[in-house]
Amino acid sequence: MRSAHLPRRLLLAGAGSAAVAAVTACQSRAATSPTSGATTPPSGDRATDEAALRRKVASLLVVGFRGERLNGDDWIIKAVRDGLGGVILFDRDLETETVRNIRSPGQVTALVKTLKEASPGRLIVSIDQEGGRTSRLNPSNGFPATKSQAEIGAQNSPPVTREWARGLVDSLTRIGVTLNYAPVVDLNVNPESRAIGKLDRSFSADPAVVVSNASEEIRAHRAAGVKTSLKHFPGSGSAAGNTDFEVVDVGSTWKPRELEPFERLIRAGLADSVMAAHVLNRQLDPTYPASLSPAVVTDLLRQRLGWQGPVVSDDMQAVAITRRYGSEEAVALGLRAGLDLLVFANQQVYDPDVVDKTLDTVVGLVRSGRLTEARIDESVARVDTLRPKR
């Protein structure tokens, strides 16, 4: 196991001064367990207070579901009516290996319309549409083929990137998607990575190429009113495995320069949200994976890189965290680390009760004093910036 402290020569060879300061500053607190100020459970009408709290927490959840068409009795429609923050669409279901939500442009457009009409607020409709192999909208369900980020980065031409990004966005706006979990700004540190490199998900190993192409992609999304998410913080380009299916430790392979795309895009005002990775990075926190680490999410991303907007989780049902922590503890650690929007893909396991279970968990955390309602309110305010305009 590598030491939690980085050699000075490695730091000096890394990213810009702000990123380097971020790495060194977070280490003194990396080994400590997450803490949060306790609070006395609110007084007054407990039932009313709890109902209001449940609505707040529900607004912070994005959940996957099965179904090409929905009716009023479906659990996901009931959850949306009760204030669920958002949904995530998939083309295929991992367990059944059948069509999940997307069969054709007309069908999925009608599905999204049904979901939005059921929502009392501004529902987030999200998807992973990166281009190439990671595209939920693809020729198999009637959408245009798209080049991968690796292909676009290899060309590294702003006009080509703009045209490519507009193609991605046209498919999103056609069906009503409001949040795309893209661009991937991981550096292609390890071309053999089963999570990034071998899937052609990275623009380049060069931070300048990544930033240039990601900037064009984000601007194309913004021009159409679609929000984006920089992923996977603090960098998964050296990951040998995929956190959806296994625990992945990048402690011996991660480099400080992997922070540079995040730092530069945040500084340029081009971040709508940042997705925290489930990788374990022992250089930054010897105990917790990045998504559950205050040292990474709060100290590094927020305090040192200056990001004050929403932080999105990778799939909260991913094996990388559920195998070690279980779902309830993962939610507790994630919120206390600084996550705002919790994504449950409902792919690794399919649980129609995931919303109610998560609400019960978070209400219990507040009632016990492990989490404050003020902390929930902070996340509500941040997540509201990701919601579509009416």
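**Reading helix packing and backbone geometry in a predicted model**

The secondary structure of the chain comes to 13 helices and 11 strands, and the model is a predicted one.

Me: Before going into single elements, what percentage of the 390 residues in the chain is buried?
Reply: Buried residues make up 58% of the 390 residues. Among the contacts between residues at least 6 apart in sequence, 77% join residues at least 24 apart. One pair that is distant in sequence is Asp356 and Arg54, which are 302 residues apart along the chain while their C-alpha atoms are 9.1 Å apart in space. Asp356 has its place in helix 12, residues 354-368, and counts as partly exposed at 45% relative accessibility.

Me: How many of the 17 residues of helix 8 are buried, and what follows from that?
Reply: Of the 17 residues, 12 are buried, so helix 8 is largely enclosed by the rest of the structure. The buried residues include Pro207, Val209, Val210, Val211 and Asn213 towards the beginning of the list, and Ala220 and His221 at its end. These buried residues pack against helix 6, helix 7, strand 6, strand 7, strand 8 and helix 9. As for length, a rise of 1.5 Å a residue gives an expected span of 24 Å for helix 8, and its end C-alpha atoms are 24 Å apart, which agrees.

Me: Which quantities describe two packed helices?
Reply: Two packed helices are described by the angle between their axes and by the distance between the axes. In this structure, the axes of helix 7 and helix 8 come within 8 Å and cross at roughly 40°, and the two helices are therefore oblique to each other. Helix 7 passes helix 8 in a right-handed crossing. On the helix 7 side the contact includes Pro158, Thr161, Trp164 and Leu168, and on the helix 8 side Asn213, Glu216, Glu217, Ala220 and His221 take part. The residues of this contact divide into 7 nonpolar, 3 polar and 4 charged.

Me: At what angle do the axes of helix 8 and helix 9 cross, and within what distance do they come?
Reply: The axes of helix 8 (residues 207-223) and helix 9 (residues 260-267) come within 9 Å and cross at roughly 40°, which makes helix 8 oblique to helix 9. The crossing of helix 8 past helix 9 is right-handed. Residues of helix 8 including Pro207, Val211 and Ile218 meet Glu260, Pro261, Arg264 and Leu265 of helix 9. The residues of the contact divide into 8 nonpolar, 1 polar and 2 charged. Helix 9 is itself mostly covered, with 6 of its 8 residues buried, among them Phe262 and Ile266.

Me: What sign of phi do most residues other than glycine have, and which form do most peptide bonds take?
Reply: Most residues other than glycine have a negative phi, and most peptide bonds are trans. Glu97, although not a glycine, has a positive phi of about 55°; it lies in the loop between strand 2 and helix 5 and is exposed, with a relative accessible area of 61%. Asn346 is likewise not a glycine and has a positive phi of about 60°; it lies in the loop between strand 11 and helix 12, and at 1% relative accessibility it counts as buried.

Me: Where is the cis peptide bond that has an omega near 10°?
Reply: That cis bond runs from Lys231 to His232, and His232 has its place in strand 8. A cis peptide bond also joins Phe233 and Pro234, with omega about 5°, and Pro234 is found in the loop between strand 8 and helix 9.

Terms used
Residues numbered from 1 in each chain as written. Predicted model: local features only at pLDDT ≥ 70, side-chain atom pairs only at ≥ 80, totals over all residues. Heavy atoms only, no water. Axes fitted to C-alpha atoms, helices over the stretch in contact; angles between N-to-C directions. Helix = DSSP H or I, 4+ residues; strand = E, 2+ residues; numbered from the N terminus. Parallel < 35°, antiparallel > 145°, perpendicular 65-115°, else oblique. Left-handed = near helix turned anticlockwise from the far one by under 90°. Contact = heavy atoms within 4.5 Å. Nonpolar A, V, L, I, M, F, W, Y, C, P; charged D, E, K, R; others polar. Buried < 20%, exposed > 50% of the residue type's maximum accessible area, 1.4 Å probe, protein only. Expected span 1.5 Å × (residues − 1).
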